[in-house]
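Got a new structure open and not sure where to start? Let's walk through a few questions about it together.

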Amino acid sequence: MRVAIIGGGPGGLYAAALLKRLDPAREVTVWERNAPDDTFGFGVVLSDETLGGIEHADPAVFRALQAEFVRWDAIDIVHRGRVQTSGGHGFAALGRRRLLKILHDRCRSLGVELRFRTEAPPAAELARTHDLVIAADGVHSLTRQAHRDAFRPRLTTHRCRYIWLAADIAFGAFRFEIAETEHGVMQLHGYPFARDASTVIVEMREEVWRSAGLDRCDEFESTERCAKIFADALGGRPLRGNNSAWTAFRTVVNERWSHGRTVLLGDAAHTAHFSIGSGTKLAVEDALALAACLEEQPDLPSALAAYETERRPVVESTQRAARASLEWFENLATGLDQPPRQFAFNLLTRSRRVTHDNLRLRDAPFVAAVEEDFGCPPGTPPMFTPFRLRGLTLRNRVVVSPMDMYSAEDGTPGDFHLVHLGARALGGAGLVMTEMVCVSPEGRITPGCAGLYTPEHEAAWRRVTEIVHAQSPGTAIGVQLGHAGRKGSTRLMWEGIDQPLPYGNWPLVAPSPLPYRAGVNQVPHALDAAGLAEIREQFTSAARRAAGAGFDLLELHCAHGYLLSGFLSPLTNRRSDAYGGDLAARLRYPLEVFDAVRAVWPDDRPMTVRISATDWAEGGTTGDDAVEIARAFTAHGADAIDVSTGQVVPHERPEYGRSYQTPYADRIRNNLGVPVIAVGAISSWDDVNSLILAGRADLCALARPHLYDPHWTLHAAAEQGYSGPGAPWPLPYAAGSRKPPTGRTDAPKPRLTLGG
């Protein structure tokens with residue numbers, strides 16, 4: 001096999017060494033356009049997991065790396081002159097030049113041909129004379145660009161500018177330092193990579209960078225300015241560059257990683273923001289996986305497919321974590337007023353890879369101090385602290401999220417709803433929400449949707465609330481009111497989601513005559529003044545019935561593309577009257593409905609609003625819009641904002657992942673200082689504790705976990721060894737408050753060794 005490698009960075013070099021070591025008969029050539037000691041950046045951080053893979057695959061490289069590593073386990077967060085330190089993390093780093101020298105030496109010893117100061121021929125040309133072409137040519141990959149129709153890359157440029165520098169001082173920990181300047185917030189990311197040197201990355205929002213005049217500074221001026229800004233961290237020492245320039249981070253995603261005989265590796269295939277680790281780490285792991293797949297698979301196409309299948313889920317998970325971390329730093333200014341230890345906890349858990357529970361394993365005293373500052377009584381996890389909304393005190397921070405059940409008859413909830421909601425109330429959540437309860441027959445999504453537009457509906461819902469209040473004292477029950485708008489008159493979810501009824505369809509209304517799916521769903525009628533007034537009255541009538549039915553909280557559904565959400569999004573509201581146009585105009589009708597409902601809803605009972613904080617579609621609602629939407633509803637008296645996303649247009653492209661919607665809740669909460677409910681792929685009690693303690697949310701709404709386990713909250717308490725007032729077991733269930741014993745799975749351990 002003849003192997004051509006484009007790019008002599010750590011990933012390409014390590015792939016070359018592995019492939020040559022595994023089969024010395026391979027002819028392996030590396031093209032690198034720069035000189036051997038040319039490099040960008042300074043230090044490289046590798047994880048224990050990556051090092052374990054290197055040790056197994058190439059002990060010689062591992063031993064050479066071990067001799068060079070600087071190790072430490074603490075993180076320092078410096079904010080407003082105070083240092084918060086958390087230990088137990090574990091890092092290993094070395095200089096990038098030393099890493100390249102080790103890999104150069106290893107490649108030469110194995111017989112790899114290294115061609116420095118040589119531009120590689122195009123990948124297509126190399127593929128005609130080589131069996132495999134590995135494109136490790138970085139974030140600006142010419143190979144990826146030349147074959148973009150095959151790889152189908154997506155590049156996203158983010159909001160911050162950053163510069164890689166170094167200081168001739170070894171920090172004693174991974175250091176995050178925040179500088180609040182007259183131009184805005186700047187941050188330093190620093191870590192040691194030698195006994196006398198540290199990498200220093202200075203980062204800030206684009207507008208801060210321009211305001212400070214750094215866009216007009218050359219490398220020397222930039223290093224001088226940054227050294228002055230972070231003089232305390234550097235002990236007055238200067239910074240130095242290495243062809244350093246300000247740049248904006250770009251996230252690289254490719255739909256395919258291989259094309260014929262050519263395969264992408266490292267930054268050419270994917271990037272992840274430096275705030276969660278090293279791109280070198282991912283590139284080295286790519287090289288390990290590619291080499292293994294080439295050994296294990298019978299032919300090249302199978303090997304390249306196996307490589308992508310193995311690596312893609314790992315990379316996508318890393319990119320989700322990196323995106324969460326990157327956006328946390330982009331919006332850093334919104335959280336600066338948090339208490340010092342909470343701010344540090346928030347920073348440490350920003351990517352969602354470090355959580356409350358595993359941080360407690362690493363540094364229990366630090367987490368205990370954060371909990372004490374937060375107000376957790378001894379032995380009480382954050383999720384089991386109470387929370388007050390207007391006249392309602394919730395005994396814990398868990399909400400059973402609204403979930404459409406499609407099981408009502410003519411809008412009337414029946415025995416199913418009694419059992420369904422009663423079971424979740426007995427399960428320990430602080431607040432149990434109904435599904436979206438529709439304000440009119442024409443406002444239903446499906447014929448199975450529940451309503452509150454007749455006296456019979458009110459009586460049926462009263463039966464449910466009375467059971468909840470009588471059998472689960474301390475559990476609150478809330479109602480979510482909504483109108484389906486253009487997404488109505490469809491089949492039950494399990495019969496075809498968003499598909500129109502085969503017969504008996506009712507007419508739809510919306511802000512504009514735009515069908516949800518052109519050619520599939522019917523074209524709605526644009527509401528006129530009389531229609532707007534009628535629906536506003538339907539909401540107030542339903543709210544009166546909700547109060548009479550005994551609900552403790554009312555939520556107005558302004559999300560997911562239903563009627564009120566349709567007014568808010570520019571993708572669904574094309575009106576030219578007072579209810580369309582800019583955001584203030586698009587807010588007008590939802591606010592009118594809110595005001596009308598608030599006027600008839602009892603003063604002591606809270607009212608929340610669910611919004612879609614982004615449409616996940618070009619030209620739609622953005623995170624900035626969401627803050628303004630939340631600001632408007634709060635000004636009109638909303639007690640909390642329930643922050644969801646999407647489901648507004650069918651061509652959306654959500655960025656799914658664990659707790660993927662919580663950054664929007666965090667942003668609203670810390671920009672406006674208003675209570676928020678976080679929702680969306682929150683599945684573990686550890687996630688809930690992390691979000692609450694970090695100050696990203698006040699309440700956490702969980703849907704599917706409560707379908708899987710109606711007693712999710714009580715079981716979360718039992719698993720954490722908590723038995724306080726935040727999660728009391730119903731007396732008939734008290735005997736089940738401990739996890740049932742299971743059979744032993746451990747074998748007896750040998751105790752004696754007898755001599756012969």
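Q: Is Asp-577 buried, exposed or partly exposed in this predicted model?
A: To count as buried, a residue needs under 20% relative accessible area, and to count as exposed it needs over 50%. Asp-577 comes in at 34%, so Asp-577 is partly exposed.

Q: Which residue does the side chain of Asp-577 meet in a salt bridge?
A: The N to O distance of this pair is 2.8 Å, and a salt bridge calls for a distance within 4 Å. The partner has a relative accessible area of 12%, so it counts as buried. That partner is Arg-575.

Q: Which parts does the salt bridge of Arg-658 with Asp-687 tie together, and how many residues apart in sequence are they?
A: The closest N and O atoms of Arg-658 and Asp-687 are 3.1 Å apart. Arg-658 sits in the loop between β27 (640-644) and α23 (662-672), while Asp-687 belongs to helix α24 (residues 685-693), so the pair links parts of the chain whose separation in sequence is 29 residues.

Q: Of Arg-658 and Asp-687, which is buried and which is partly exposed?
A: Arg-658 has a relative accessible area of 36%, so Arg-658 is partly exposed. Asp-687 has just 4%, so the buried one is Asp-687.

Q: Which residues do salt bridges that share partners join into one network with Asp-215?
A: One link is the salt bridge of Asp-215 with Arg-216, where the closest N and O atoms are 3.6 Å apart. Asp-215 is partly exposed at 29% relative accessibility, whereas Arg-216 is exposed at 63%. Along with Asp-215, the network takes in Arg-161, Glu-206, Arg-210 and Arg-216.

Q: How many salt bridges does the count come to?
A: The pairs above, such as Asp-577 with Arg-575, are part of a longer tally. The count comes to 41 salt bridges.

Q: Which residues does His-104 touch, not counting residues up to four places away in sequence?
A: His-104 lies in helix α4 (residues 96-110). With a relative accessible area of 4%, His-104 is buried. Leaving out those sequence neighbours, His-104 touches Leu-13, Pro-36, Leu-114 and Phe-116.

Q: Are α22 and α23 parallel, perpendicular or oblique to each other?
A: Helix α22 (residues 623-635) packs against α23 at an angle of about 50°, with the axes 10 Å apart. Residues in the contact include Val-627 and Ala-630 of α22, plus Tyr-664 and Ile-668 of α23. The contact residues split into six nonpolar, two polar and three charged. Given that angle, the two helices are therefore oblique.

Note on methods: Residues are numbered from 1 along each chain as its sequence is written. This is a predicted model: local features need pLDDT of at least 70, side-chain atom pairs count only at pLDDT 80 or more; totals for chains, interfaces and linings use all residues. Side-chain values use heavy atoms; hydrogens and water are left out. Buried means under 20% relative accessible area, exposed over 50%, partly exposed in between (1.4 Å probe, protein chains only). Helices (H or I, at least four residues) and strands (E, at least two) are DSSP runs, numbered from the N terminus. Contact means heavy atoms within 4.5 Å. Axes are lines fitted to C-alpha atoms, for helices over the stretch in contact, and angles run from 0 to 180 degrees between N-to-C directions. Angles under 35 degrees count as roughly parallel, over 145 as roughly antiparallel, 65 to 115 as roughly perpendicular and the rest as oblique. Ala, Val, Leu, Ile, Met, Phe, Trp, Tyr, Cys and Pro count as nonpolar, Asp, Glu, Lys and Arg as charged, and the others, Gly among them, as polar.
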